[in-house]
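Here is a short tour of one protein chain. Have the sequence and the 3D view at hand as you read.

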Amino acid sequence: MENVGKIIKFGYDITSKTVKMIFEFKSKNVLAELEKIKLFDLNMTLEKWYPKRSLNANAYLWQLIGKLAKKMNLTNDEVYRKHIKEAGSFTVLQMEEAEMKEFERIWQSKGIGWICEKSIDKYGQIVLLAFHGSSIYTTKEMARLIESVVQDCKEQEIETKTKDEIDSLLKEWDK
């Protein structure tokens with residue numbers, strides 16, 4: 001069972017020596033599911049919920065990437081990776097250089113937007129910039145990525161949707 005909810009109250013019960021929690025769900029459909037599993041031990045994972053990105057926004061991103069790739073004689077992957085590096089989110093990691101190759105292999109196996117690049121930090125140390133693929137982007141991050149691609153399209157005289165139309169695609173994430 002997977003559902004979106006909130007923790008309303010939690011605390012430690014001294015008598016039973018357990019943590020007890022009260023959840024709130026917006027959908028009453030969860031009741032039937034809870035009834036089926038109420039007597040079993042459960043393996044639970046709680047994660048912060050983020051709205052999923054709109055398939056329309058993602059489809060539009062890839063439509064523009066395809067047009068740019070064709071016009072610039074590049075592959076779609078090359079255009080996507082260029083924009084991930086220009087407008088995307090990344091984490092700066094410090095580790096031994098010997099460990100970097102293994103980390104890069106694992107990180108980049110997540111998808112084409114999961115990129116690693118070595119860099120030098122302000123102290124002169126080698127660090128790894130680990131770029132995140134757009135599959136986990138927030139609405140704000142996806143908007144920045146689409147805007148980056150739109151700018152390149154305009155430079156290449158490729159027609160794009162208006163800002164209002166793009167904003168409308170991105171607002172669908174909140175639904």
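## A bridge between helix 4 and strand 4

Glu97 is partly exposed, with a relative accessible area of 44%. This is a predicted model. The side chain of Glu97 meets that of Lys118 in a salt bridge, at 3.8 Å from N to O. Glu97 belongs to helix 4 (residues 97-108) and Lys118 to strand 4 (residues 115-120), so the pair ties together parts 21 residues apart in sequence. Lys118 has a relative accessibility of 46% and also counts as partly exposed, because the partly exposed class ends at 50%.

## Other salt bridges

How many salt bridges does a search of the whole structure find? The search finds 9. Side chains of opposite charge can pair when their charged atoms come close.

One salt bridge joins Lys82 and Asp152, with the closest N and O atoms 2.7 Å apart. This pair links distant parts of the chain: Lys82 sits in helix 3 (residues 76-87), Asp152 in helix 5 (residues 139-155), and 70 residues separate them. Is Asp152 buried or exposed? Asp152 is buried, at 12% relative accessible area. Lys82 is partly exposed, at 29% relative accessibility. Glu86 joins in as well: Lys82, Glu86 and Asp152 are linked in a network of salt bridges.

Glu35 and Lys38 give another example. Their side chains meet in a salt bridge at 2.8 Å, N to O. Lys38 counts as exposed, because its relative accessibility is 53% and the exposed class is over 50%.

## The nonpolar core

In soluble globular proteins, nonpolar side chains tend to be buried together. The largest nonpolar core here has 24 residues. Which residues have the most contacts inside it? They are Leu61, Ile84, Met142, Leu145, Ile146 and Val149.

Several elements give two or more residues to this core: helix 2, helix 3, strand 5 (126-131), helix 5 and helix 6. Helix 2 provides the largest share, 7 residues.

## Gly66 in helix 2

Helix 2 spans residues 55-72 and includes Gly66. Gly66 counts as partly exposed, at 22% relative accessibility. Now look from Gly66 to Asp41. The two are 25 residues apart along the chain, and their C-alpha atoms are separated by 48 Å.

## The second largest pocket

Rolling a probe the size of a water molecule over the atoms shows where empty space is left. The second largest pocket holds about 150 Å³ of space. Helix 5 and helix 6 (163-171) each supply at least two residues of its lining.

Which residues line this pocket? Among them are Ala143, Glu147, Val150 and Lys154. Thr160, Lys161, Thr162 and Lys163 also line the pocket. So do Ile166, Asp167 and Leu170. By type, the lining divides into 4 nonpolar, 2 polar and 5 charged residues.

## The hairpin of strands 1 and 2

Strand 1 (residues 5-13) pairs with strand 2 (residues 18-25). The sense is antiparallel, and the pairing runs over 8 bridges. What is the bridge partner of Gly11 in strand 2? The partner is Lys20. In a regular strand the side chains alternate between the two faces of the sheet.

The two strands form a hairpin with 4 residues between them. Lys17 lies in the turn and has a positive phi of about 55 degrees.

Technical notes
Residues are numbered from 1 along each chain as its sequence is written. This is a predicted model: local features need pLDDT of at least 70, side-chain atom pairs count only at pLDDT 80 or more; totals for chains, interfaces and linings use all residues. Side-chain values use heavy atoms; hydrogens and water are left out. A salt bridge is a side-chain nitrogen of Lys or Arg within 4 Å of a carboxyl oxygen of Asp or Glu. Buried means under 20% relative accessible area, exposed over 50%, partly exposed in between (1.4 Å probe, protein chains only). On a 1 Å grid over the protein atoms alone, a cavity is a set of points where a 1.4 Å probe fits but cannot get out, and a pocket is an open set with protein on both sides within 12 Å along at least five of seven lines; lining residues have an atom within 4 Å of a point. Grid points are joined across faces, edges and corners, and a volume is the space filled by probe spheres set on the points. Ala, Val, Leu, Ile, Met, Phe, Trp, Tyr, Cys and Pro count as nonpolar, Asp, Glu, Lys and Arg as charged, and the others, Gly among them, as polar. Two strands pair if DSSP finds at least two bridges between them. A nonpolar core is a set of buried Ala, Val, Leu, Ile, Met, Phe, Trp, Tyr and Cys residues joined through side-chain atoms within 4.5 Å.
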